[in-house]
Amino acid sequence: MKTTKRTTLFSKIIFFYTTRVNGLFLFFAMAILLLYSCSGTKEGDISMSSSDKFTPNWESLSTYEIPEWFRDAKFGIFIHWGVYSVPAYRNEWYPRNIYRKQSPEHKYHVETYGFPKEFGYKNFITDFRAENWIPKEWAKLFKETGAKYVVPVAEHHDGFPMYDCSFTKYNAVNMGPKRDVIGDLLIACRDLGLKTGVSSHRAFNWEFYAQEEDFDTWDTAYEQLYGKRRTQKWPDQEFAKDWYGRTKELALKYEPDIFWFDFYLDQPELRDVRYQFAADYYNASLKWEKDVVLQYKYDIYDPRVGLLDIERGKLSGIRRLPWQTDTSISFRGWSYIQNPDYKPAGLLIDDLIDIVSKNGNLLLNIGPKPDGTIPEEQQAILLEMGKWLKVNGESIYGTRPWVKYGEGPTKTKEGAHQEGDNKGGTSKDYRFTVKGDILYVTCMGWPEDDFSIASLGKDTTEKFEIQIKDLALLGYDGTLKWKQTPGNLTIERPAEKTGDHAFVFKINMNGLTKQMSDYESSIPEEPETVYCLPGNSLRNGEGYGVRDGNINNWDKDVVLRWNIKIRKAGKYQISIEQRNHMGEKYILEVNGQQLTNPAENTEQAFFDLILGEVQFDRPGNYELTMKALPDEEWHKKLLLKQIKLIGI
């Protein structure tokens with residue numbers, strides 16, 4: 001995206017000597033250029049130096065703080081657009097599943113296009129032309145939506161970068177659109193004042209494609225797209241080096257405000273490069289004079305190193321550290337697909353309100369068509385959200401959580417991929433946010449009777465030493481009657497409904513700023529927490545798999561091992577997030593202490609199980625192991641998401 005003056009100057013010198021003088025002068029000019037280019041630091045270089053602030057370890061990286069602009073922004077747009085948008089069948093994992101012979105995608109592909117040796121995923125590239133794509137129109141729509149940042153997918157698992165990638169000829173600049181999609185879009189968005197980011201899903205490319213002799217994925221002529229033939233299950237050193245090089249190049253070329261990572265990056269073979277990149281990115285941000293946000297899933301990084309992102313799920317309460325939900329405008333997939341099932345705008349607005357009340361942001365995904373147009377149904381949903389935000393946005397942007405996120409009967413099932421069990425709010429559900437001396441109270445539905453808010457009864461406001469001065473309903477010009485009793489604040493409902501979605505009261509209060517200051521200063525430090533994640537388990541043969549942040553297919557004779565670092569001596573509670581619908585029993589051992597789980601059936605859902613407590617008399621490095629109970633029947637049905645050691 002950048003062209004420096006000195007590069008342009010020497011390009012002209014080369015052109016002059018190439019066309020006007022003999023080979024000796026050409027050699028001389030090129031030698032000067034080579035010496036010049038190798039001296040000093042290249043513009044935008046993010047390589048480490050002794051003067052860099054951040055180093056690739058937890059202690060250094062955890063000093064980075066999420067910038068205020070991101071905490072104020074609250075709402076962003078995610079974009080899944082790529083070659084997978086051409087077949088538009090089922091979801092963006094189409095390129096993986098056509099090479100799995102028992103899948104619906106394989107059957108559909110063979111019937112529609114032929115067997116994926118003669119017609120493989122690569123053959124869709126020529127039909128991904130983006131012929132009707134106008135980046136400025138996209139940016140204008142996102143601005144109207146009320147989004148404050150935009151994060152397009154730079155490279156999905158399929159291995160086809162949407163940017164000018166020097167590591168593969170299979171990219172959007174050389175093939176398909178023959179445009180720098182990421183570069184053009186980021187420029188258009190920045191021109192309208194939007195913050196911009198990129199997402200990388202590259203890590204899972206290691207095992208994304210099935211490699212069999214009767215598929216075109218086996219042909220080494222296409223290894224720059226499908227990957228080299230694998231000789232081992234886990235990522236090798238060459239792949240780790242390639243991942244780091246691509247990721248660093250992406251940051252260097254586009255200087256994104258946000259860098260978003262997908263799953264599989266928690267593999268231990270990628271630990272060193274992912275921490276090295278985090279240090280590089282944060283150091284680069286200082287050179288760019290930007291406050292950036294590194295976003296990750298499944299606790300790929302330790303807390304405080306970046307921003308936790310929860311896919312298709314939320315938190316059930318306020319998190320002291322900022323966080324984010326990423327979800328799609330479609331219930332079914334992330335990219336453009338046939339027969340989509342779109343979420344109503346009201347549900348997405350309710351999600352945004354709920355997430356913001358708990359100190360989170362919403363990153364909402366759309367899926368454009370392969371020609372570069374955004375489906376009208378998606379545009380209508382986005383514009384409906386924008387319409388609501390124009391009236392009620394002050395209760396979202398720049399706000400912070402109150403001492404409680406809300407009240408009402410609707411509760412959130414916490415964690416990734418839980419949105420199917422979570423519904424929108426009701427007229428009895430309220431959510432709270434704060435800005436200065438203003439408390440915003442959002443009712444998620446229009447009540448049959450008056451608005452009734454138990455959390456703002458006189459007993460509560462007196463306890464917090466706050467007092468209601470006046471209140472208003474955003475988007476309503478009339479005068480509101482209200483009454484405060486010891487257990488309730490009642491606001492008379494206007495005769496006419498004032499909108500189609502959630503309704504926001506703006507309550508001006510004496511003492512609120514002081515209350516929040518006292519509250520924030522009284523929040524205890526979050527306890528020391530050590531995470532044992534599936535991908536970070538030390539390798540022990542081929543006896544288990546790692547998918548979507550879970551250990552699965554776990555053989556009975558396999559011992560899972562983690563190297564952990566205890567920074568503070570003391571007692572730690574061990575919590576395990578698992579799905580154990582067959583009641584598998586196992587032993588966890590650390591520092592010579594053993595804990596055994598109860599054989600409880602969790603059905604098909606994930607639950608946090610408190611296993612017990614262990615004592616560490618001194619800080620240091622320890623090994624934690626987990627294995628099946630020898631004398632019990634083992635069904636290989638246990639799915640393990642994470643183990644947490646939480647300081648007490």
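Which helix holds both K514 and D518, and how many residues apart are they?

## A salt bridge within one helix

In this predicted model, K514 and D518 both belong to helix 15 (residues 512-522), where they are 4 residues apart, about one turn of the helix. The two residues form a salt bridge whose closest N and O atoms are 2.8 Å apart. K514 is exposed, with a relative accessible area of 51%, whereas D518 is partly exposed at 39%.

## Salt bridges between separate elements

Side chains of opposite charge can pair when their charged atoms come close. The structure contains 37 salt bridges. One of them joins E59 to R567, with 3.3 Å between the closest N and O atoms. E59 is in helix 3 (residues 58-61) and R567 is in the loop between strand 20 (559-566) and strand 21 (570-579), so this pair ties together parts that are 508 residues apart in sequence. E59 is partly exposed at 36% relative accessibility, and R567 is partly exposed at 25%.

K297 forms a salt bridge with E311, and their closest N and O atoms are 2.4 Å apart. Because K297 lies in strand 5 (residues 293-297) and E311 in strand 6 (residues 307-311), the pair ties together parts 14 residues apart in sequence. K297 is buried at 2% relative accessible area, and E311 is buried at 12%.

A network of salt bridges links K314, D351, D354, K358 and R431.

## A three-stranded sheet

An open sheet of 3 strands follows the order 12-15-14, with antiparallel pairing. Strand 12 (451-453) and strand 14 (482-485) are at the edges with a single partner strand each, so one side of each has no neighbour in the sheet. Strand 12 pairs with strand 15 (residues 488-491) over 3 bridges, and I453 stands opposite L489 in strand 15.

Note on methods: Residues numbered from 1 in each chain as written. Predicted model: local features only at pLDDT ≥ 70, side-chain atom pairs only at ≥ 80, totals over all residues. Heavy atoms only, no water. Pairing = 2+ DSSP bridges. Helix = DSSP H or I, 4+ residues; strand = E, 2+ residues; numbered from the N terminus. Salt bridge = Lys/Arg side-chain N within 4 Å of Asp/Glu carboxyl O. Buried < 20%, exposed > 50% of the residue type's maximum accessible area, 1.4 Å probe, protein only.
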